[in-house]
Protein chains: 2
Amino acid sequence: MRLSKKERQQQLLKAVEIEPFLTDEEMARRYHVSIQTIRLDRMELGIPELRGRIKDMAEKNFDHVRSLYPEEVIGEVTELTLDVGATSFLEIRDEHVFARNGIARGHHLFAQANSLAIAVVDAETALTATASLRFVRPVQLGEKCIAKARVTQKSSRTQVDVNTLVGNELVFQAVFDVYRAKEDE
Amino acid sequence: MRLSKKERQQQLLKAVEIEPFLTDEEMARRYHVSIQTIRLDRMELGIPELRGRIKDMAEKNFDHVRSLYPEEVIGEVTELTLDVGATSFLEIRDEHVFARNGIARGHHLFAQANSLAIAVVDAETALTATASLRFVRPVQLGEKCIAKARVTQKSSRTQVDVNTLVGNELVFQAVFDVYRAKEDE
DNA sequence: ACTAATTTAGTACTAGGTATTAATAGGTGG
DNA sequence: CCACCTATTAATACCTAGTACTAAATTAGT
């Protein structure tokens with residue numbers, strides 16, 4: 001059966017969202033209307049053509065992958081003195097939280113702190129040996145986390161303390177034992 | 001000046017990799033050859049046309065984002081008994097390692113272990129309070145990590161021990177203190 | 001100078017459209 | 001019952017970024 005214009009257009013919006021690779025032809029077939037009708041619909045709804053949609057996705061994820069991938073330190077480093085201390089900034093976004101409750105997943109706080117601890121150690125290759133963590137209070141979606149790392153010991157193993165704050169409030173604390181790896185390995 | 005065929009083709013390969021949105025026309029302009037030459041080059045090199053390249057990217061990242069995002073547990077859960085124990089599997093890929101040395105970054109091992117520990121606790125909302133970690137040996141690109149979680153204490157706080165193995169070898173160890181959060185909060 | 005490789009030109013055709021104009025079908029109000 | 005309106009369909013010209021193919025022109029190597 002044929003749907004009304006309104007219904008068809010609503011379905012179209014959803015369809016394009018979950019199946020962005022639909023051609024006008026395929027949509028016309030699905031809703032038993034002509035291809036011209038579909039095109040009028042797209043105009044009215046402001047849905048770009050297939051190629052445009054595809055390009056948008058490709059572009060979006062092109063930067064996305066770029067910024068996600070070779071990022072050596074999780075978060076943005078705002079200050080760094082090798083073997084002394086460093087600071088980084090991370091805003092908690094959708095991708096960092098549990099969907100159910102909007103609370104940041106522990107491993108993101110850990111990742112910010114750990115990668116900063118590694119970065120502050122002056123060695124070609126620094127690796128974490130042990131760590132002890134305290135999640136002081138849950139961090140919510142939208143909160144801005146400042147991680148402050150300080151080197152507290154420099155023997156064979158380096159100890160780095162990291163405190164993560166939201167505003168003035170301590171939300172996470174970690175102590176890392178980092179070692180400088182040899183070349184041959 | 002005009003480059004030799006070989007040089008041009010090598011440059012083309014690189015160009016397409018870092019700028020996948022180049023049209024044949026633009027490439028022809030850049031290398032001062034005709035559009036047909038570029039097309040012959042693409043044939044020989046097996047480089048698909050612009051629209052194909054764009055579509056590939058869009059498709060890749062379509063699943064990519066899908067699989068990356070709403071993944072509640074990092075890694076693949078192979079076994080789970082609530083409040084008792086669970087196992088998950090994670091293969092170390094490019095995106096998990098330091099580019100320089102191919103060693104897995106600590107926070108991925110942590111993420112696998114921590115998310116598994118959270119999953120095994122039978123509560124609507126479980127959060128990590130404290131953790132202590134030991135990175136026993138560096139994990140290399142391509143290695144397959146099996147994380148085994150066991151609940152070792154069930155009072156107000158739940159304690160979960162996680163051992164991560166590559167083959168039979170212990171590579172990472174963690175003890176998590178998890179608490180069950182109240183609804184109001 | 002001659003052959004082979006390389007490059008360019010040109011034509012027909014394709015998908016998946018845009019943009020525009022015009023025709024048709026189905027109801028509604030007066 | 002006719003006029004009008006909305007929705008739909010049709011038809012045509014044009015676009016981009018190509019493929020596939022044939023043929024000619026140029027350049028390089030020996």
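This briefing covers two protein chains, two DNA strands and the salt bridges of the model.

The model is predicted: local features need pLDDT of at least 70, side-chain atom pairs count only at pLDDT 80 or more, and totals for chains, interfaces and linings use all residues. Residues are numbered from 1 along each chain as its sequence is written, chains are lettered from A and ligands numbered from 1 in the order in which they are written, and side-chain values use heavy atoms, with hydrogens and water left out.

**The two copies**

- A turn of 180° and a shift of 0.2 Å along the axis lay chain A on chain B with an RMSD of 0.9 Å. The fit is by least squares on the C-alpha atoms of residues with pLDDT of at least 70 in both copies.
- The two copies are thus related as by a two-fold rotation axis.
- Both copies use the same surface: 100% of the contact residues of chain A recur in chain B. Contact here means heavy atoms within 4.5 Å.

**DNA strand D**

- There are 16 residues around DNA strand D, and A:Arg8, A:Ser34, A:Thr37, B:Leu50 and B:Arg51 come nearest. A residue is near a strand if one of its heavy atoms lies within 4 Å of it.
- Of the atoms of DNA strand D that come within 4 Å of the protein, sugar and phosphate account for 70%.
- Which part of A:Arg8 lies 2.5 Å from a phosphate oxygen of DNA strand D? A polar side-chain atom does.
- A:Thr37 also places a polar side-chain atom 2.5 Å from a phosphate oxygen of DNA strand D.
- A:Ser34 uses a polar backbone atom, 2.7 Å from a phosphate oxygen of this strand. Such a polar contact is a pair of N or O atoms within 3.5 Å; within protein, one must be able to donate a hydrogen and the other to accept it, and residues adjacent in sequence count only if both atoms are side-chain atoms.
- Four helices each supply at least two residues of the surface near DNA strand D: H1 (5-18) and H3 (35-45) of chain A, with H3 (35-45) and H4 (50-68) of chain B. Helices (H or I, at least four residues) and strands (E, at least two) are DSSP runs, numbered from the N terminus.
- H3(A) gives the most to this surface, with 3 residues.
- By class, the surface near DNA strand D has 9 charged, 4 polar and 3 nonpolar residues. Asp, Glu, Lys and Arg count as charged, Ala, Val, Leu, Ile, Met, Phe, Trp, Tyr, Cys and Pro as nonpolar, and the others, Gly among them, as polar.

**DNA strand C**

- Around DNA strand C there are 15 residues, of which A:Arg42, A:Leu50, B:Arg8, B:Ser34 and B:Thr37 come nearest.
- Sugar or phosphate makes up 68% of the atoms of DNA strand C within 4 Å of the protein, and bases make up the rest.
- B:Arg8 has a side-chain N or O atom 2.5 Å from a phosphate oxygen of DNA strand C.
- A:Arg42 has a polar side-chain atom 2.9 Å from a phosphate oxygen of this strand.
- A:Asp24 uses a backbone N or O atom, 3.0 Å from a phosphate oxygen of DNA strand C.
- H3 and H4 (50-68) of chain A, with H1 (5-18) and H3 of chain B, each supply at least two residues of the surface near DNA strand C.
- H3(B) gives the most here, with 3 residues.
- The surface near DNA strand C divides into 8 charged, 4 polar and 3 nonpolar residues.

**Salt bridges**

- Side chains of opposite charge can pair when their charged atoms come close.
- How many salt bridges are there over all chains? The count comes to 26. The rule asks for a side-chain nitrogen of Lys or Arg within 4 Å of a carboxyl oxygen of Asp or Glu.
- A:Arg39 and A:Asp24 form a salt bridge, 2.9 Å from N to O. A:Arg39 lies in helix H3 of chain A and A:Asp24 in helix H2 (residues 24-31) of chain A, so the pair ties together parts 15 residues apart in sequence.
- Is A:Asp24 buried or exposed? A:Asp24 is buried, at 9% relative accessibility, whereas A:Arg39 is partly exposed at 40%. Buried means under 20% relative accessible area, exposed over 50%, and partly exposed in between (1.4 Å probe, protein chains only).
- B:Arg30 and B:Glu26 form a salt bridge, with their closest N and O atoms 3.0 Å apart. Both lie in helix H2 of chain B, 4 residues apart, about one turn of the helix.
- B:Glu91 and B:Lys144 meet in a salt bridge of 3.6 Å, N to O. B:Glu91 lies in strand E2 (residues 85-91) of chain B and B:Lys144 in strand E4 (residues 144-154) of chain B, so this pair ties together parts 53 residues apart in sequence.
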